[in-house]
Amino acid sequence: MTPVVVTGIGVVAPTGIGLDAYWAATLRGDDGIRRVQAFDPSRYPTRRAGEVTGFEAGDHLPSRLIPQTDRMTQFALAAADWAVADAGIDLDAVPSLERGVVTAGASGGFGFGQRELQHLWGESPKKVSAYMSFAWFYAVNTGQISIRHGMNGPTGVFVGEQAGGLDALAHARRQIRAGARLMISGGMDCSLCPYGMAAQLAGGRLTADAYLPFDDQASGHLPGEGGALLTLESAEGARARGRGHYGEIAGFGATFDPRPGSGRPPALRRAVEQALADAQAAPEDIAVVFADGAGVPELDAAEAAALTEVFGPGGVPVTVPKTATGRLYSGAGPLDVVTALLTLRDGIAPPTVNVSRVPDTYGLDLVLGRPRPVSGTAALVLARGHHGFNSALVVRAPAPGDAVAHRPEERTAA
């Protein structure tokens with residue numbers, strides 16, 4: 001099958017805006033979790049989150065787009081611009097029907113929606129923005145990126161909570177193999193507003209304390225905002241235009257857990273095995289695993305069991321860098337894919353910050369405290385979504401002659 005590779009990356013995260021800033025902060029173990037600033041969280045049991053700081057939409061986007069878009073979409077448009085610039089591709093040289101967009105969304109533009117509903121009920125229907133018709137919608141990022149970059153080819157959106165970001169990348173790979181020349185894919189979420197916090201609390205998995213997956217004090221997760229968008233092309237296409245790449249989207253698997261109470265086992269292990277088989281990789285080929293890390297004890301135990309069943313107890317280094325960002329929902333999987341690619345490039349796995357007491361019963365070799373050198377050419381990324389979604393994705397490092405040359409990020413204001 002046609003190898004599909006990553007030629008461009010755009011990142012907006014609580015620990016850094018832009019690829020280089022994010023990666024440096026991640027290796028340092030910087031913690032992006034802090035008390036929420038977007039609104040007064042004092043009435044909520046969860047008051048801390050991974051909040052993006054220093055992002056001013058006007059620095060990166062045309063002024064006409066700002067009143068049309070939620071903060072989530074502003075993140076996505078900026079990251080898509082950076083991913084295209086990083087790939088160094090002339091979009092005019094690619095027919096519009098051969099370039100497309102597939103993103104994932106878990107919540108949509110909650111902040112925009114809340115504001116306009118307040119206008120509706122507190123003031124007048126005449127005060128409601130006309131852009132409310134689409135700015136709140138979970139598919140809006142795909143639409144806005146498609147319009148901005150003239151991407152009239154395959155488009156779509158996946159809604160699988162945290163698993164959706166990996167599903168989107170896998171579908172974009174499928175579209176490249178079906179004939180598309182260029183795809184922008186990934187996920188971006190932002191629901192740090194009272195409306196969004198209420199919805200997340202209703203899910204029952206937020207903690208009032210710290211986000212400590214695989215720790216014996218785990219009590220849930222903390223939310224975050226941001227994510228990553230990637231430019232995907234065929235390896236042949238990138239090579240033909242003399243462009244290196246970050247690595248290959250090599251394998252994918254997806255399953256659904258059985259309904260609670262059925263007595264049937266979770267299906268995450270099967271997703272891992274599917275991804276390895278799709279990548280034609282053996283467990284020993286995996287240098288590091290980027291775990292989902294739910295932070296809920298029973299879910300952590302199920303993930304640990306799946307990993308030890310496939311790799312053996314302590315058989316592979318495991319890390320959860322999202323402890324520094326919070327769970328970014330649809331943005332988490334793509335950001336972990338970016339982190340996995342950089343880990344393979346530099347031979348060093350970032351730490352799982354804040355976690356220190358991992359039960360021996362989990363049988364995990366968790367990367368704690370500081371970055372750890374790793375060697376190998378493949379990494380596994382896991383993501384699970386509420387209500388039983390499981391996704392697993394294998395990335396493979398480029399051959400030395402195909403690796404992207406390090407270059408300063410191209411971040412241009414519109």
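**View 1. Trp121 and a nonpolar patch on the surface.**
Trp121 is found in helix H3. The model shown here is predicted. On its surface, Trp121 joins Leu117, Leu120 and Tyr195 in a nonpolar patch. Together these residues have about 450 Å² of accessible area. Which helix gives the most to the nonpolar patch? Helix H3 does, with 3 residues.

**View 2. The second largest pocket, with helix H3 in its lining.**
Helix H3 (110-122) also appears in this view, where it supplies at least two residues of the pocket lining. Helix H2 (71-87) likewise supplies at least two. The largest share of this lining comes from H3, with 3 residues. The second largest pocket has a volume of about 280 Å³. A total of 17 residues line it. To find its centre, look for Asp70, Arg71, Gly111, Phe112 and Arg115, which lie nearest to it. By class, the lining has 9 nonpolar, 3 polar and 5 charged residues.

**View 3. The largest pocket and the residues closest to its centre.**
The largest pocket holds about 880 Å³ of space. Its lining counts 39 residues. Which of them are closest to the centre? They are Glu161, Arg205, Gly385, His386 and His387. The lining of the largest pocket divides into 15 nonpolar, 15 polar and 9 charged residues.

**View 4. Helices, strands and domains around the largest pocket.**
Two helices each supply at least two residues of this lining: H7 (194-202) and H10 (297-311). Two strands do so as well: S15 (378-385) and S16 (389-396). Both domains take part in the lining of the largest pocket. Domain 1 (4-241) gives at least three residues. Domain 2 (248-396) also gives at least three.

**View 5. The largest cavity, between two domains.**
How many cavities of 30 Å³ or more does a search of the whole structure find? The search finds 4. The largest cavity has a volume of about 100 Å³. Its lining is made of 17 residues. Tyr22, Pro321, Lys322, Ala324 and Thr325 are the closest to its centre. Why does the largest cavity lie between domain 1 (4-241) and domain 2 (248-396)? Both domains give residues to its lining, so the cavity lies between them.

**View 6. Helices H1 and H11 at the largest cavity.**
Helix H1 (19-28) supplies at least two residues of the cavity lining. Helix H11 (332-346) also supplies at least two. The largest share, 3 residues, comes from H11. The lining of the largest cavity has 9 nonpolar residues, along with 5 polar and 3 charged ones.

Conventions: Residues are numbered from 1 along each chain as its sequence is written. This is a predicted model: local features need pLDDT of at least 70, side-chain atom pairs count only at pLDDT 80 or more; totals for chains, interfaces and linings use all residues. Side-chain values use heavy atoms; hydrogens and water are left out. On a 1 Å grid over the protein atoms alone, a cavity is a set of points where a 1.4 Å probe fits but cannot get out, and a pocket is an open set with protein on both sides within 12 Å along at least five of seven lines; lining residues have an atom within 4 Å of a point. Grid points are joined across faces, edges and corners, and a volume is the space filled by probe spheres set on the points. Helices (H or I, at least four residues) and strands (E, at least two) are DSSP runs, numbered from the N terminus. Ala, Val, Leu, Ile, Met, Phe, Trp, Tyr, Cys and Pro count as nonpolar, Asp, Glu, Lys and Arg as charged, and the others, Gly among them, as polar. Domain bounds come from an automatic or database domain assignment. Patches are made of residues with over 30% relative accessible area and no salt bridge: like charges are joined within 9 Å, nonpolar side chains (Val, Leu, Ile, Met, Phe, Trp, Tyr) within 5 Å. Accessible areas come from the Shrake-Rupley method with a 1.4 Å probe; for residues, only the protein chains shown count as cover. A salt bridge is a side-chain nitrogen of Lys or Arg within 4 Å of a carboxyl oxygen of Asp or Glu.
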